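Let's take a walk through this protein together, starting from one strand and working outwards. Keep the viewer open so that you can turn the model as you read.

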Amino acid sequence: MKAVRVLIAEDEPIVRMDLKEILESQGYEVVGEASDGQVAIELARKLKPDVIIMDIRMPNLDGIEAAKILTQENIAPIIFLTAYSDKELVEKAKEVGVVAYIVKPFKESDLFPAIEIAIARFKEFQLLRKEVEDLKDALETRKLVDRAKGILMDREGLKEHEAFRLIQKASMDKRKPMKEIAQAIILAYELKEKKEK
């Protein structure tokens, strides 16, 4: 089985080194190390790790801001590993989409379940995101096809099933999605309407 690829973002070199040793002793592959949030973002974009373990308080760009950017870009799940446990920081971590929050000093036994669960949750989120995108696309396609059918029914005097069949056939003949055919019909109608005015 392929080793889980980890990016560590921690400004304390000793903590970073200890964390790397712990992870590698458990079969994880540390693919990158960053000492500030900005470098963490650059490395995450370049290396595409499976998980990012990040401190909150770091120079240049703190972990909260870095996590916000990385979460928006949907690069990898983020686990905060930090000495700070105040409620405000935990709330901010939740807001930016961090999937786990471990307080230092930590036990090795806390770290590994958090990594595995973070990766599993991230995969679930990605599947859900894809399903939502697919549903949005299907809904948009349906709206466009319905509008194109309406145009064909009004302008060409076709019945609904005939208009649908015409769009469907054009889609198959031209090997283009029905969405594109519907958009072309709508555009052609709009252009024709402008000329007639």
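**Starting from strand E1**

Strand E3, residues 51–54, runs parallel to strand E1, and four bridges join the two. To find one of these pairings on your screen, look for Val6, whose bridge partner in E3 is Val51. Please bear in mind as you look that this is a predicted model.

E1 also pairs with strand E2, residues 29–34, again in the parallel sense, this time over five bridges. Here Ile8 is the residue to look for, as it stands opposite Glu33 in E2. How does the chain get from E1 to E2? It passes through helix H1, residues 13–25, and the β-α-β crossover made in this way is right-handed.

With partners in E2 and in E3, is E1 itself buried or exposed? All five residues of E1, residues 5–9, are buried, so the strand is largely enclosed by the rest of the structure. Buried here means that under 20% of a residue's relative accessible area is left. You can check both faces of E1 for yourself: Arg5, Leu7 and Ala9 lie on one side, Val6 and Ile8 on the other, and every one of them is buried.

**Stepping back to the whole chain**

Now zoom out. The protein has seven helices and five strands, and from the N terminus on they follow the order β-α-β-α-β-α-β-α-β-α-α-α. The radius of gyration is 25 Å, well over the 16 Å that the globule rule gives for 197 residues, so the protein is more spread out than a compact globule. Along its principal axes, the C-alpha trace spans about 75 × 40 × 30 Å.

Helix H5, residues 108–156, deserves a stop of its own. Its 49 residues should span 72 Å at 1.5 Å a residue, and the C-alpha atoms at its ends are 71 Å apart, which agrees. Just after H5 comes Gly157, with a positive phi near 70°.

A few totals round off the tour. Of the 197 residues in the protein, 37% are buried. Among contacts with a separation of 6 or more, 61% are between residues 24 or more positions apart. Finally, the accessible surface comes to about 12300 Å², and carbon and sulfur atoms account for 54% of this area.

Technical notes: Residues numbered from 1 in each chain as written. Predicted model: local features only at pLDDT ≥ 70, side-chain atom pairs only at ≥ 80, totals over all residues. Heavy atoms only, no water. Buried < 20%, exposed > 50% of the residue type's maximum accessible area, 1.4 Å probe, protein only. Pairing = 2+ DSSP bridges. Right-handed = clockwise from strand over helix to strand, strands pointing away. Rg over C-alpha atoms; globule rule 2.2 N^0.38 Å. Contact = heavy atoms within 4.5 Å. Areas by Shrake-Rupley, 256 points an atom, 1.4 Å probe, with all protein chains shown as cover. Expected span 1.5 Å × (residues − 1).
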